[in-house]
Amino acid sequence: MNYLIVGLGNIGKEYADTRHNIGFMVADELANQAGTTWSTLKHAYYTEYKQRGHNIFVIKPTTFMNLSGKAVNYWMQELKVPIQNVLVIVDDLAIPFGSLRVKPKGSAAGHNGLRSIEGSVGGQHYARLRFGIGDNYPKGRQVDYVLGPFDKEEQRELPALIEHAVKMVNSFINIGIELTMTNLNTK
């Protein structure tokens, strides 16, 4: 069985440790734990590994956030991964920092990366792991907030949260979305 894990973010050093790039950070840790390295291929940084008889393909789109759907659609077709085996890791302003929630489908909720994926794969019926970044920013400063670095306190908590996100991805692959939601969703 093939699975496509998509970490959303923006390419470039200036975005490396920003809230908007948490999907890239989780994907990097997945690759690190699997002992794989990244290749630069069409529309994405790409790596793959096997786990319990499953083929796991991990991408970090190089199309920039607003065109993420182009990469997701291309790799779904290329690798013949059905939509129910796709998991997108995304930052989420609507949930507090420290909360991680996996869900089987949902709206883009104003997230341009998710909106792009919806348009490219034909709907909202793909799983996503929502990594809460909170909404602690002054009115009108949303862009600065999501494209800004995690604060010092958040940075201390980040490794454990990324580890929990990796656990959620592995659970999604091995036991499915429903049990992962029941067992591992936080706050």
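**A guided tour of the chain**

Start with the whole surface: the accessible surface of the chain comes to about 9,000 Å², and 51% of that belongs to carbon and sulfur atoms. Areas here follow the Shrake-Rupley method with a 1.4 Å probe, and for residues only the protein chains shown count as cover. Before you click further, note that this is a predicted model, in which local features need pLDDT of at least 70, side-chain atom pairs count only at pLDDT 80 or more, and totals for chains, interfaces and linings use all residues. Residues are numbered from 1 along each chain as its sequence is written, and side-chain values use heavy atoms, with hydrogens and water left out.

**The whole chain**

Switch to a cartoon view. You will find six helices and seven strands, in the order β-α-β-β-β-α-β-β-α-β-α-α-α from the N terminus. Helices (H or I, at least four residues) and strands (E, at least two) are DSSP runs, numbered from the N terminus.

Now show just the C-alpha trace, which spans about 45 × 30 × 30 Å along its principal axes. The chain has a radius of gyration of 15 Å, which agrees with the value near 16 Å for a compact globule of 187 residues. That radius is taken over C-alpha atoms, and the globule rule is 2.2 Å times the number of residues to the power 0.38.

Colour by burial next: 52% of the 187 residues count as buried. Buried means under 20% relative accessible area, exposed over 50%, and partly exposed in between (1.4 Å probe, protein chains only). For contacts (heavy atoms within 4.5 Å), take the pairs at least 6 apart in sequence: 69% of these join residues at least 24 apart.

**Helix 1**

Select residues 22-34. These 13 residues form helix 1, which reaches 18 Å from its first C-alpha to its last, close to the 18 Å expected at 1.5 Å a residue. The expected span is 1.5 Å times one less than the number of residues.

Which residues of helix 1 are buried? They are I22, G23, F24, M25, V26, A27, L30 and A31. Show their surroundings, and the elements they pack against include strand 1 (2-7), strand 5 (86-92) and helix 5 (152-175). Step just past helix 1 to G35, where phi is positive, about 75°.

**Two loops with positive phi**

Move to R52 in the loop between strand 3 and strand 4. Its phi is positive, near 50°, in a residue other than glycine. R52 counts as exposed, at 70% relative accessibility.

Then pick F64, in the loop between strand 4 and helix 2 (68-79). F64 is not a glycine, yet has a positive phi of about 70°. With a relative accessible area of 39%, F64 is partly exposed. Leaving out residues up to four places away in sequence, F64 touches G9, N10, I11 and Y15. Measure from F64 to L8 as well: they are 56 residues apart in sequence and 8.6 Å apart in space, C-alpha to C-alpha.

**Helix 3 and the loop after it**

Select residues 112-121 for helix 3, whose buried residues are G113, L114, S116, I117 and E118. Their cover includes helix 2, strand 5 and strand 7. G122 follows helix 3 with a positive phi, near 80°.

Finish at Q124, in the loop between helix 3 and strand 7. Q124 is partly exposed, at 33% relative accessibility. Beyond its neighbours within four places in sequence, Q124 is in contact with K105, G106, S107 and E118.
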